[in-house]
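Opened this one up today to go through a few spots by eye. Notes below, in the order I looked.

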Amino acid sequence: MSHQVLARKWRPGTFSEMVGQQHVLQALVNALETGRLHHAYLFTGTRGVGKTTVARILAKCLNCDTGVTSTPCGECGACLEIAEGRSVDLIEVDAASKTKVEDTRELLENVQYTPTRARYKIYLIDEVHMLSNHSFNALLKTLEEPPPHAMFLLATTDPQKLPATVLSRCLQFNLKNMQPEQIVAHLTHILSAESVDADAEARALGAPSSMRDALSLSDQAIAFGEGRLAGAEVREMLGTVDRGQVLEIVAAILEDDPATVLSLVAHIAEHAPDFVSTLDELASILHQMTIAQTVPDALDTSWPDQARIVELAARATIDDTQLFWQMATSGRRDVYLASSARAGLEMVLLRMIAFRPAVVIQPQAAAGDPPVKKPEPPATPVVREGGSEGAQPAATIAPRNDQTVPTDQTVPSSPYRASVSATDETAVEMPESTPQSSPHSTSHTTSHTTSHTTSHSKDNPSATGAGDPVSIDHSEDGAAPSASESDERGV
Ligand SMILES: [Zn+2]
């Protein structure tokens with residue numbers, strides 16, 4: 001027998017072979033077993049989700065020689081003919097290529113004649129939303145008064161385009177997208193049955209798509225890898241970036257290690273110089289990290305590197321992952337705008353180190369924060385030693401200062417503190433000159449507010465709540481050196 005592609009070879013032949021879609025299958029099985037059949041079914045869902053597969057199985061159920069059943073035998077003439085696509089009583093039409101009303105009239109003109117061999121004359125119309133208005137009217141006439149032997153199975157990716165009059169005459173079933181975990185599990189089963197050697201990463205690479213896409217991709221990858229599926233080869237075939245490298249980049253950012261970040265970018269540039277995809281992969285990892293921090297149970301388990309994601313998530317704060325994700329997604333624009341894409345990527349990654357939030361702003365009352373929050377750096381004690389009154393902060397800053405503009409940041413000990421001061425400086429020196437405004441303003445406000453809260457609570461804990469809004473207003477107006485120098489806001 002000649003080679004058959006995986007997607008066709010493994011197309012389910014019965015409802016029990018289908019993965020997922022239990023909500024649809026259960027309703028169909030019940031209808032078949034109780035004999036409560038409708039004359040028109042509409043299957044909706046995205047491409048590759050299994051709409052025509054369900055419709056073909058339903059056709060077998062209706063026409064199987066053993067009688068109307070939810071478990072067609074798969075061996076009788078009718079079942080085999082349907083499986084092989086040569087049943088005269090299953091009329092399959094792709095509406096995308098037969099949109100004209102003449103086509104529909106021609107299709108439906110024999111509907112009143114009884115089926116040639118089987119029990120039902122079944123019309124399976126795929127992409128039914130492509131029909132013209134006149135075609136829908138012709139179809140509607142038949143749907144209004146269908147002969148008892150006619151059965152309509154309609155499939156569409158876009159049910160909104162169907163006239164309400166047609167929709168109201170169909171039983172509609174919405175097929176859901178399969179979860180990546182389900183796709184990986186099923187793919188694993190199929191590949192082991194096909195005795196194809198596949199590693200976990202290779203299997204996960206096809207998972208975000210549909211089952212059909214995952215199988216088509218596997219076919220291509222098996223041919224590419226000469227019968228094997230290895231993650232590195234699949235990546236090469238797809239042109240995707242090595243996820244492990246991007247995980248290393250995230251680790252280096254969390255370590256405040258710009259040298260490692262740059263050397264990793266250099267490595268990526270040698271092997272798969274696709275810098276936008278690198279950012280996309282980074283955003284995907286940061287998204288997974290945020291899920292791991294907030295709703296760990298919702299984490300996508302189809303990736304083999306899940307443990308690494310959880311480990312990185314524990315080393316970052318929720319603020320970090322949110323801000324980094326924002327930088328990664330809006331950084332795509334920078335990669336296009338930059339003189340070279342690599343420079344754009346490097347700037348985005350270094351920005352994450354430079355602007356990493358210093359302290360998590362915690363409401364005064366929130367004593368028991370979740371453990372994922374970064375422990376507070378020893379901010380308060382250090383500020384205390386820096387002095388508290390009036391002009392003193394500026395005087396304290398001056399000696400340690402390697403910046404042009406003194407600010408009221410008074411904590412030299414923590415590496416995060418230093419980077420926050422740099423943030424302020426940038427924002428003060430060139431408030432309008434960069435398109436990357438949102439991370440700027442975020443860090444800016446964050447650091448100011450934080451420092452105010454700190455100094456307030458130290459000076460006069462009871463006045464903190466009342467004083468804050470005023471201080472923030474000040475900090476926004478006074479984004480100029482003069483305002484910073486005569487900084488009295490904290491008092
Ligand atoms: Zn049969």
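**Far side of a helix.** I'm working on a predicted model here. I began with the outward-facing part of H2 and found Gln22, His23, Gln26, Asn30 and Thr34 exposed there. The opposite side has Val24, Leu25 and Leu28 as the buried residues of H2. Looking down the axis of H2, I get those buried residues inside an arc of 95°, so they line one face of the helix. The textbook reason fits on one line: an α-helix has 3.6 residues a turn, so residues three or four places apart point the same way.

**What does the buried face of H2 pack against?** I traced the contacts from the buried residues of H2 to helix H3 (51-63) and strand E5 (171-174).

**Length check on H2.** H2 covers residues 22-34, which is 13 residues. At 1.5 Å a residue I'd expect a span of 18 Å, and the end C-alpha atoms of H2 are 18 Å apart, so the two agree. Just after H2 comes Gly35, and I noted its positive phi, near 75°.

**Gln4.** I went back towards the start of the chain, where Gln4 sits in the segment before helix H1 (6-9). Buried or exposed? Gln4 has 11 other C-beta atoms within 10 Å, and the cut-off for exposed is 12 or fewer, so I put Gln4 down as exposed. I also checked Gln4 against Asp219: their C-alpha atoms are 9.8 Å apart in space, although 215 residues separate the two in sequence.

**H12 and H14.** Next I took helix H12 (residues 243-254) and helix H14 (residues 275-294), whose axes come within 10 Å and cross at roughly 65°. That angle makes H12 roughly perpendicular to H14. I have the crossing of H12 and H14 down as right-handed. On the H12 side the contact is made by Arg243, Val246, Leu247, Ile249 and Val250. H14 brings Thr278, Glu281, Leu282 and Ile285 to that contact.

**Whole chain.** I left the totals for the end. The secondary structure comes to 23 helices and seven strands. How much of the chain is buried? I get 36% of the 491 residues. For contacts with a separation of 6 or more, 73% are between residues 24 or more positions apart.

Note on methods
Residues are numbered from 1 along each chain as its sequence is written. This is a predicted model: local features need pLDDT of at least 70, side-chain atom pairs count only at pLDDT 80 or more; totals for chains, interfaces and linings use all residues. Helices (H or I, at least four residues) and strands (E, at least two) are DSSP runs, numbered from the N terminus. A residue is buried if 20 or more other C-beta atoms lie within 10 Å of its own, exposed if 12 or fewer, and partly exposed in between; C-beta atoms are placed from the backbone. Two residues are in contact if their C-beta atoms, placed from the backbone, lie within 7 Å. The expected span of a helix is 1.5 Å times one less than its number of residues. The arc is that of the directions from the helix axis to the C-beta atoms. Axes are lines fitted to C-alpha atoms, for helices over the stretch in contact, and angles run from 0 to 180 degrees between N-to-C directions. Angles under 35 degrees count as roughly parallel, over 145 as roughly antiparallel, 65 to 115 as roughly perpendicular and the rest as oblique. A crossing is left-handed if the near helix is turned anticlockwise from the far one by less than a right angle, and right-handed if clockwise.
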